[in-house]
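Reader: Hi! I've just opened this one and would love a quick tour. Could you walk me through it?

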Amino acid sequence: MNVLGIETSCDETGVAIYAGDRGLLAHQLYSQVALHAEYGGVVPELASRDHLRKLVPLIRATLEQAQMDQDDIQGIAYTAGPGLAGALLAGASVARSLAWAWNIPSVEVHHMEGHLLAPMLEENPPDFPFVALLVSGGHTLLVNVAGVGRYELLGQSLDDAAGEAFDKTAKLLGLGYPGGPAIAALAEKGDSGRFRFPRPMVDRPGLDFSFSGLKTYTLTTLQKESAGLEGDALAALQADIARAFEDAVVDTLAIKCRRAMEQTNSKTLVLAGGVAANQRLRQRMNQEMRKLAARVFYPRLEFCTDNGAMIAHAGWQRLKAGQASEGLAFHVNPRWSLMDLEAPAP
Ligand code: KG4
Ligand code: ZN
């Protein structure tokens, strides 16, 4: 079965074709970063309009890349949540209209399930069961995964998501959006020994996270240390703060992952979502899991951040089990818990 996947939950328009027997055949991504950059963050109304403008040309380009036409597609998968309501509606309306016109089934995909299963697009996929750390702009989730749709929540962020903390801290440091890659690049030039930021909630039991305090810590450190500084000295301070912030997030995530692996007795960790593109986080997780004789799996870098390939693949997992949207009415679910999903029929 060849599945066309459509992702429009936030600021990337992603389209891909996943074949059950041959894997990923084509994928196209259009990033709206330049559109939102001047506003310092995503403007929802602009995002929805741009998805609508880009979707049909991207679907055409994806079919062409796979050397296919509409008759070769047997199912359509689209992100139905969580995400921005208008952006989700743009993708959902195009996906459901195409499915109706082409007379094929479609299926709603949960965006975080897309991320969670994305390492399965790689040559060396993880086997169930595993523990997954999902770190994106909107979510920080530690999940015990028994199979597709069989998720047990181990821990989550009580305030800012990990990616959100990167984005907000980047703003405080005067960096552009999205903040994660900007902080990572600046941190490369920073001195890891100058400041030590707190590792929130690691000294109490449990697997929940809290990242919003790090933002305040950044602000107070910046205010205290930057008085009278300019030029290179100010740039060095900003780099040292970026490094201290990144070290604190990475260390906190690593400590909680180790705890989750020990608690569940698992030997397989999956790391996914935009923040999983962070090199320091990947290196640190490799080291930490080596100590536990456990293996860690990630998607390739471009499939850590939002993309259509993960949606086509997650949709295929459900369509092949016979799951499909019903009727002609459709709705999106901007706030949809991953834990509300059910396993597809065996
Ligand atoms: O998964 P994603 O593309 O979108 C959501 O589902 O939210 O994640 C985007 C988040 C943003 O907060 C972005 O700053 C962060 O991932 N991010 C990074 C890196 N690349 C993207 N954070 C840290 N280091 C990176 N290299
Ligand atoms: Zn995402």
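**Between the domains**

Author: Gladly! Between domain 1 and domain 2, four residue pairs are in polar contact, with both residues at pLDDT 80 or more. A polar contact is a pair of N or O atoms within 3.5 Å; within protein, one must be able to donate a hydrogen and the other to accept it, and residues adjacent in sequence count only if both atoms are side-chain atoms. This is a predicted model, where local features need pLDDT of at least 70 and side-chain atom pairs count only at pLDDT 80 or more, while totals for chains, interfaces and linings use all residues. Residues are numbered from 1 along each chain as its sequence is written, chains are lettered from A and ligands numbered from 1 in the order in which they are written, and side-chain values use heavy atoms, with hydrogens and water left out.

Reader: How many salt bridges between domain 1 and domain 2?

Author: Zero, taking a salt bridge as a side-chain nitrogen of Lys or Arg within 4 Å of a carboxyl oxygen of Asp or Glu.

Reader: Which helix gives the largest share of domain 1's side?

Author: H4 does, with five residues of the side that touches domain 2. Helices here are DSSP runs (H or I, at least four residues) and strands are E runs of at least two, numbered from the N terminus.

Reader: Where are the two domains in sequence?

Author: Domain 1 covers 2-117 + 303-340, and domain 2 covers 128-298; the bounds come from an automatic or database domain assignment. Their C-alpha centres are 28 Å apart. Domain 1 puts 19 residues into the contact and domain 2 puts in 24, where contact means heavy atoms within 4.5 Å.

Reader: Switching to the metal: what are the protein donors of the zinc ion?

Author: His-111 (NE2), His-115 (NE2) and Asp-306 (OD), at 2.0 to 2.1 Å from ligand 2. Donors are N, O and S atoms within 2.8 Å of the metal (3.2 Å for Na, K and Ca); water is not among the atoms, so sites may look incomplete. The spacing is H-x3-H-x190-D. His-115 sits in helix H4 (residues 111-117) and Asp-306 in the loop between strand E10 (295-297) and helix H10 (309-319), so this pair ties together parts 191 residues apart in sequence.

Reader: Are His-115 and Asp-306 buried or exposed?

Author: Both are buried, meaning under 20% relative accessible area, with exposed over 50% and partly exposed in between (1.4 Å probe, protein chains only).

Reader: Last one: where is Ser-48?

Author: Ser-48 is in helix H2 (residues 44-65), and it counts as buried because its relative accessibility is 13%. Beyond neighbours within four places in sequence, Ser-48 contacts Gly-86, Ala-87 and Ala-90.
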